[in-house]
Amino acid sequence: MLLLGCIKEVSDYELAISLPNGLSGFVPVTQISDAYSQLLTKQVAEGELPEDLNSLPDMYSPGTLVRCIVTSTEKRDNGRRSIKLSIDPKKVNKGLDSTALTAGMVLSGSVSSMEDHGYLIDIGVTGTHAFLPYQKAKNYVKAVKKGSDLKIGQNLNCLIVEVKNEGRVVCLSIDRSEVAASVATEKQNWTLSNLLPGLVVKARVHTVAPFGMKLTFLSYFTGIVDFMHMDPEKSMSYSPDQVVKACVLSVQPTSRAVRLSLRPPFLHGGAPRQLPEQRLGAVLEEATVKAFYKQFGTVFELDDGTLAFARLNHLSKTRKSFKPGTFKEGSKHKCRIIDYSLMDEMCILSLRHQVIEARFLQHQDIHTGDVLQGKVLSLKPIGMQVKVADGIRGLVPSLHLSDVILKQPEKKYSIGDEVKCRVLECNPAGKKLILTLKKSLVQSNLPVLSNYEDAKPGLITHGFVVCAREFGCIVKFYNDVKGLVPKNELSSEPISCPEKVFYEGQVLKVMVLKCEPQQERLLLSFRLSNKTGLEDKSKCTPKEKQEVKYQIGQIVDVKVLKKKDNGLEVSILEDEDNVVAWIPMLHLSDFVATAKLLWHCLQEGDVLPRVMYLSDKGEHIILSRKSAVISAVQEEQVVRSFSEIQPGMLLTGYVRNVMPFGVFVEFPFGVTGLAPKVNMSDKFVTDTKDHFVVGQTVIAKVMSIDGEKQRVLLNLKVSECSSGDSAAESFALLNQYFKELKEIRDLLRRGEPRICELVPGKGMQLVVQDVREDGSALFSGSSVTGLTATATRYHLGDKNIAPGEKRKALVLHVDALASKVYVSLRQELLKQRP
């Protein structure tokens, strides 16, 4: 089938063509012409771009009319048909031969080469050489190409000026005024087998019907003009035998069907008008029905007086829900402009609710950084294809399928899955949409960095590592914005081999240090804060510099002088000089929760026995009460210098710093090592802060050492850090935990004795005070005076309770820090109480 089309969009690989009756088709780059295909083949074979090969955007522009032939139609996954076309003259003009060529004919041609006095034009007729003199092309070049020469593969609307040697040589013109003035006549001997779309003819009205009219032309041809291609200003004034000018829109030789248009742009060599971009996607509250055609759809009049068309399948959600009676002339409907048909010069509407409410209709509606829902269409080595909306698909590169690299993505994702993704890059012109599924990026609330101009010093945002080398890390953001994190900005701790700490695709917080937008240079840092130590030195400054006379590992008794927010200021007993030292809160115990509770219970004047000298930072002495650390030092299971470290050693230490890429662990005598994220836990680590906290006591296994760079890599996986008798280790740890709880209970007796009497499993009588909206309840009673006693909905059991009722309850847990008691009223627990 031959059709007249109008170029709608141009990309490097295809032309999007607007066809009559609101249809669209695509011309692949291989269906331009023989000469152009030969240049493409040469490029592939030689790997270099030939001088005379131009891209499609260099040769074609939206709004240009072209003759097309349908090469295939395919049904897509969404049920729509994809129409593939060709503008190759050999296919479009296949019905012509050299004997049929006559002066005055208008047909398609394509530039095949440049000669001394003009161009050789491929018109697709075997045995015919077509020549276009420069003189006959200069006006076109001046008006359309702005002075530049015609290019190989460029499609032209050609007028045959002269035919020589029985059609073996023809002379052409592309002068726009000459082509526009030409009218096909009977003398040109057109037949149904070679009739071309785009020909302008004089026709006579045969019959007029509600959907259009029937015309006769070129003596014995008949054709149809449908309601969309009447002249809008004359649509009501046509009558039989009236002579009109018409343009051939389509020719179907097998069914002998010819369709024509009476619209002015096609009759005078003009181009259809474009729809203002701001109108596309607009939702109109009221569009008035002008005419309803039960086999086609509905013509509407919009608020600006222009006409628009909605196909039958867009008038209702389903065929069953469609009610023709609602589309009477003059009735008003809410709709949305979903497309514009250049060939029909009409907006295309949809009345379907899901289309009106849709967030995206075209790539222009999507912005970098948008979070959106998509459906998995396919999984390929390059990544995942995701459907974002009808006609809009995006690619999730394999690097972005997860926070970590997935070796077998098909085990996590299946075709049809709904996924939440974020737009990394959107290029509407090239219909390119790149997405990420990395949860750290999708859920990030930090600013989206999508251009270098927005990269102001001090800006903190999320980025992902694309390269880790000895010089540092290259981090990428949105829209291909990228920057460098130099080696000295990777961490507050020295990192000698970044490639062993960071991995490709890793999402990290970064801070902008410097940006040069014009050079597209960006300097970044992973060091978001200077506070990396366990203690705030400014909060513990001794009155004067004291001479250090204690050795690391020495055990002393201390007296609490002052409680501060993050620790205790103490004096070392049995020291004549009253040496002042500091115990950070998290060094009061191996257990972080216990350390906070112990700090809460201690008072000024309390004595703490068996505290170990840990270090001297120059300003003050640091002490530790961590039992595991003290035991390791006393049993000589420590290293006193870097030279003593050997791979495979198990060392007891404490977390010094938690970074997004791993954990820094410090050991007695000052040696520090790094446990990278992949070696932190037997479980998958998404956020390092979910697994470790600063001050936490850990057992680490030495993985490797670098003597030259003084670097230690550690493993914190529980499965790798056991000495062999894991049961004995667990019981020893548990015994120490209960021992410290007993100590805390003894301290509590002096200030909050009532809490000490409340132990898990103890029964008591309580009075219901209040029942909350979430189903939980508050209680009061003599045994919980001054405390908050509460039970969750589950622990209230099956019976309904009301304020004022007395109930038997069982203590589940006591939170001394918050002064809360959690109880249960469930019968199965109360019955088991001794």
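Modeller: Accessible areas come from the Shrake-Rupley method with a 1.4 Å probe. This is a predicted model. By that method, the protein chain has an accessible surface of about 42,200 Å².

Colleague: What share of that accessible surface belongs to carbon and sulfur atoms?

Modeller: Carbon and sulfur atoms hold 50% of it.

Colleague: How do you know whether the protein chain is a compact globule or not?

Modeller: Set its radius of gyration against the globule rule, 2.2 Å times the number of residues to the power 0.38. For 834 residues a compact globule would come near 28 Å, but the protein chain has 41 Å. The chain therefore does not fit the compact-globule value. Its C-alpha trace spans about 125 × 70 × 45 Å along the principal axes.

Colleague: What makes a residue buried, and what percentage of the protein chain counts as buried?

Modeller: Buried means under 20% relative accessible area. Of the 834 residues, 47% count as buried.

Colleague: What part of the contacts with a separation of 6 or more joins residues 24 or more positions apart?

Modeller: The share is 59%. A contact needs heavy atoms within 4.5 Å.

Colleague: Which residues carry the name "S1 motif", and where does it come from?

Modeller: It comes from UniProt, in an unreviewed entry. The feature is placed at eight ranges, among them 369–438 and 458–527.

Colleague: What is the helix and strand content of those two ranges?

Modeller: Residues 369–438 are 0% helix and 54% strand, with end C-alpha atoms 13 Å apart. Residues 458–527 are 6% helix and 50% strand, with ends 11 Å apart. The protein chain has 14 helices and 45 strands.

Notes
Residues are numbered from 1 along each chain as its sequence is written. This is a predicted model: local features need pLDDT of at least 70, side-chain atom pairs count only at pLDDT 80 or more; totals for chains, interfaces and linings use all residues. Side-chain values use heavy atoms; hydrogens and water are left out. UniProt positions are given in the numbering used here, feature names are shortened, and annotations may be inferred rather than shown by experiment. Helices (H or I, at least four residues) and strands (E, at least two) are DSSP runs, numbered from the N terminus. Buried means under 20% relative accessible area, exposed over 50%, partly exposed in between (1.4 Å probe, protein chains only).
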